[in-house]
Amino acid sequence: MRLNRTAGLPPAPLVHMRGALVVEPIPSIRLERLLAEAERSRPELAESRAALLESQRLHAQARAEARPDLVFGPRVRDDLGPVGDRVGARIAMDVPVFDRNQGRITERAAMVRTQGAILDLTQVNTLSDVAAAYVELQDAQTRLDFHSLHVQPIVEQTEAAIRSADADKVLAPDQISELLEQVVRMRVEELELRYLHTRLRTRLEILLGCPLEDLHEAG
Amino acid sequence: MHRLGRRLARCLAATLWIAVALGSILSAGCVRPLGQAWREISRQTVIEEAAVRPADPSSTMAVDEKVSPREPVGIRASFQEIGDAPSPRAGEFSFLSDPPPDQGMTLEDVLQQTLDCHPLLHARVHEVEAARGRLVTAGLLPNPQWVLDSQSPVDLDDATILTTRLTFTLPTGRKRRWGMAAAEAGVARSQAALARETEVLLAEAADAAIEVLYLQELAVLQGELADHTR
């Protein structure tokens, strides 16, 4: 149901996924390189920068609006008679004695400072998010490596031994069942690690907008 | 009193005559071509929208085998194309005519489906269009103003006086330039907001898809566990 909603699909039929959670080891990337890429590619940073630029230009526009516009044009007077027609010109402009757009200029200047502070905050939050996701992913990778190197072979050997004991009728059926349950629980733990790893890696790649391997090659 | 009425009638007749003359000039030389041009622009926009909208909604569900599971870059690039193009109107989402396949979707399918169909992204695309409209408005010069005054003396038997003036407003201090620059930054900001929203949605969709994969595998293992328990 959640997948249907996030993908913008109708609630029914429920979407099924093809494939399995396959873990690909993450390449070694320097944190500075990762943060530089995030700084370059994150859209919320681009949005904050554009908002700051917009506020600066609106401030400049408010200063320009303090200058009065010039109104000019021709003028014709017709007396509806044989004589008396006149032609002239009209030039007009405000005299900025009282309203020199001071209020709008002050407001825009404050907006510029606000947007600058928001940009700083966005930068800190974004880079922290990326760094935290990478550290968490490295931790998941370490645990998965340990599991595949040390735990997985033991689980496979244990399962084979249990099957053999079951075939040889060495153990009682309830003991066999209990041991196999423990093996399945260890597989579930391994599945949870794969799930965490895949989720973190995909999130990080979406955050950075590129596969992690690209950063490794470039770095 | 009689004289006053006569003068008023004369004044009104003169004003009407000028208004009719100007109206005929405008209808012959300006209004009709502008109307035709507007109709052509509208028709062209409709044609362009029809051309950009995917002809076959099922194509959005096609599986591209060449796409690696680790390539959000291609997805981002494909979204930029979508962001530049007019989106379907409300109620024209492709999923209505093309439900997801029963055999399951890949992660790329899910992400592509999110880009193609999510209503929030359609809303953001329209916001970018609105920002572009504000850019057009910011670049326009103020319209000239035409004024016609007529006055007639009440007591004297003088001629009616008609005064016409056409005034142009000249913006000073680079107001238009700064206005357009601000509107351009507004377009960039709305495009960045669209990109940010896209990434949020893609991250959520990817998270949900990976969770479904996890739950599918977990269900298999729990089935095994249940077998052993029995």
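Visitor: Hey, is B:Glu224 buried, exposed or partly exposed?

Guide: B:Glu224 counts as partly exposed, at 26% relative accessibility. Buried means under 20% relative accessible area, exposed over 50%, and partly exposed in between, using a 1.4 Å probe on protein chains only.

Visitor: Anything I should know about the model itself?

Guide: This is a predicted model, where local features need pLDDT of at least 70 and side-chain atom pairs count only at pLDDT 80 or more, while totals for chains, interfaces and linings use all residues. Residues are numbered from 1 along each chain as its sequence is written, chains are lettered from A and ligands numbered from 1 in the order in which they are written, and side-chain values use heavy atoms, leaving out hydrogens and water.

Visitor: Ok, back to B:Glu224. Which side chain does it meet in a salt bridge?

Guide: A:Arg187, at 2.9 Å from N to O. A salt bridge here is a side-chain nitrogen of Lys or Arg within 4 Å of a carboxyl oxygen of Asp or Glu. B:Glu224 lies in helix H5 of chain B and A:Arg187 in helix H5 of chain A, so the pair joins two chains. Helices (H or I, at least four residues) and strands (E, at least two) are DSSP runs, numbered from the N terminus.

Visitor: How many salt bridges are there between chain A and chain B?

Guide: Nine. One of them links A:Glu47 with B:Arg196, with the closest N and O atoms 2.4 Å apart.

Visitor: And what is A:Arg2 linked to in a network of salt bridges?

Guide: The network holds A:Arg2, A:Arg199, B:Asp207 and B:Glu211. The closest N and O atoms of A:Arg2 and B:Glu211 are 2.7 Å apart.

Visitor: What about a pair inside one helix?

Guide: Try A:Glu190 and A:Arg194, which meet in a salt bridge at 3.2 Å, N to O. Both lie in helix H5 of chain A, four residues apart, about one turn of the helix. A:Glu190 is buried at 18% relative accessible area, and A:Arg194 also counts as buried, at 15%.

Visitor: New topic: how many residues of each chain are in contact?

Guide: 72 residues of chain A touch 74 of chain B, where contact means heavy atoms within 4.5 Å.

Visitor: And strands? Which strand of chain B is joined to E1(A)?

Guide: Strand E2 (residues 161-170) of chain B, through seven bridges, and the two run antiparallel. Strands pair if DSSP finds at least two bridges between them. In E2(B), B:Thr169 is the bridge partner of A:Val71.
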